[in-house]
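Open the model in your viewer and keep the selection panel handy. This tour goes from one stop to the next, saying what to pick and what you will find there.

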Amino acid sequence: MSIKVIQVGEKILGKNEDKAAENKKRLDGRKILTVNIMSSPGAGKTSLILSTIKQLSKKYKIAVIEGDVASSVDAEKVNAVGAPVVQINTQGGCHLDAFMVEEGLDNLPLDKVDLLFIENVGNLICPNNYLLGEDIRLMIASLPEGDDKPYKYPAMFADSDVVILNKTDLQPYLDFKEKAFRQVVDGLNPDVIIFPVSCKTGVGMQEWFTWLEGKIKEKKG
Amino acid sequence: MHEASITESMLSLALEKAREAKAAKVTGINLVVGELAGVVPDCVQFYFDVISKNTMAEGARLNFEIKPTQIKCRKCGNVFTPADHKWECPKCGDSNVEIASGRECYMESIEVE
């Protein structure tokens, strides 16, 4: 039998992108501002979510999709502050994809949500390659990780709309050079917004809350 | 680890295209992958050998064209390969740069019988 070459020219993750567009449409229809939170393990994703819920939950209804390799530790923390939460265990998988998020959306009271946080699996290698249906791609970089991370994970920094630079309270103990960090990140991604904060002490958090509230209002129209 | 899900997506895309072409067998899959895409070819091949069993793509050859990381200066347009810790444009010194190549992850073609 003769061999025939069939031109394909399609992205391998094209199906995920189609599903992400479907999720986005569903969330847009309900005017829910959706934030995909990515970072390495331990950078402060859950801390940022908890502080933000505490600050904004009197004015806005906030829900969370928690992605984790295993366990429901984070979901329990979110549940304890009274926000609807769905836990997705990826069974060892290193990222969330749009199909998992769809399942999460099926299990949330979407008619009663203004702001949805999707906490991705802690990993800087691949979560940014999977669109989920979000409005905002946010990554957290924390000072102990070092200021050279943008060189190692350039795509992650290039894809983020917002970078939260967390654990600024540790600066006296570290050699982290914020200027050098900013120079690479701003260079790769001129539109990025960087918020230096400490989730622990609260320093810098007000700027983030104000910005996020503006985005929620913008989405509500 | 993400190679498992990439391999699943890749296999299902190849099978879909082969069915559309009414092919009997997939003998080769040609992929284009950038250095920054985080895809390890050996790893994809390993998963592929397992999950393609009993499909018409069983035994297909995977060919990877690897695209190197290329950075483009947004100021002067110079395209260059970045050094480890130096991403400023070697021509004009500006640090306003974009990733021009290295993030590709697509299927160029399949070979079928």
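Which residue in S4(B) is the bridge partner of B:Ile71? Select B:Ile71 and look across to S4(B): the partner is B:Phe80. Before going further, keep in mind that this is a predicted model.

**The small sheet**

Stay where you are and show strand S3 (residues 70-73) of chain B together with S4(B): two bridges join them, and they run antiparallel. Now add S5 of chain B to the selection. You have an open sheet of three strands in the order S4-S3-S5, with antiparallel pairing. Strand S4 (79-80) and S5 of chain B are at the edges with a single partner strand each, so one side of each has no neighbour in the sheet.

**Chain B as a whole**

Zoom out and colour chain B by secondary structure. There are two helices and six strands to find, and along the sequence they follow the pattern α-β-α-β-β-β-β-β. If you draw a box along the principal axes, the C-alpha atoms fill roughly 55 × 25 × 15 Å. The radius of gyration of chain B is 18 Å, whereas a compact globule of 113 residues would have one near 13 Å. Of those 113 residues, 34% count as buried. Among contacts in chain B between residues at least 6 apart in sequence, 72% join residues at least 24 apart.

Colouring by confidence is a good check here: chain B averages a pLDDT of 95, and 99% of its residues score at least 70. For the model, the scores are ipTM 0.91 and pTM 0.94.

**Strand S1 of chain B and its two partners**

Next, select strand S1 (residues 26-34) of chain B. Add S6(B), and you will see an antiparallel pair joined by seven bridges. For a landmark, label B:Asn30, which stands opposite B:Ser109 in S6(B). Then bring in strand S2 (residues 61-67) of chain B, which pairs with S1(B) in the parallel sense, again over seven bridges. The landmark on this side is B:Ile29, opposite B:Leu62 in S2(B).

**Across to chain A**

Keep S6(B) selected and show strand S1 (residues 4-11) of chain A. These two strands pair in the antiparallel sense over six bridges. Find A:Ile6 and look for its bridge partner in S6(B), which is B:Ile110.

Now widen the view to the whole interface, where 29 residues of chain B are in contact with 30 residues of chain A. On the chain B side, the elements giving two or more residues are H1, strand S5 (97-101) and strand S6 (105-112). S6(B) provides the largest share, eight residues. Coloured by class, this side of chain B shows 14 nonpolar, nine polar and six charged residues.

**The nonpolar core**

For the last stop, turn to the largest nonpolar core, which has 86 residues. The residues with the most contacts inside it are A:Leu116, A:Ile118, A:Ile164, B:Ala14 and B:Val26. Helix H1 (residues 2-20) of chain B gives the most to this core, with six residues.

Which residues does B:Ala14 touch, leaving out those up to four places away in sequence? Centre on B:Ala14 and you will find B:Val26, B:Ile29, B:Ala57, B:Met107 and B:Ile110. Two of these names should be familiar: B:Ile29 stands opposite B:Leu62, and B:Ile110 is the bridge partner of A:Ile6.

Terms used. Residues are numbered from 1 along each chain as its sequence is written. Chains are lettered from A and ligands numbered from 1 in the order in which they are written. This is a predicted model: local features need pLDDT of at least 70, side-chain atom pairs count only at pLDDT 80 or more; totals for chains, interfaces and linings use all residues. A nonpolar core is a set of buried Ala, Val, Leu, Ile, Met, Phe, Trp, Tyr and Cys residues joined through C-beta atoms within 7 Å. A residue is buried if 20 or more other C-beta atoms lie within 10 Å of its own, exposed if 12 or fewer, and partly exposed in between; C-beta atoms are placed from the backbone. Helices (H or I, at least four residues) and strands (E, at least two) are DSSP runs, numbered from the N terminus. Two residues are in contact if their C-beta atoms, placed from the backbone, lie within 7 Å. Ala, Val, Leu, Ile, Met, Phe, Trp, Tyr, Cys and Pro count as nonpolar, Asp, Glu, Lys and Arg as charged, and the others, Gly among them, as polar. Two strands pair if DSSP finds at least two bridges between them. The radius of gyration is taken over C-alpha atoms; the globule rule is 2.2 Å times the number of residues to the power 0.38. pLDDT is the predictor's confidence in each residue, from 0 to 100.
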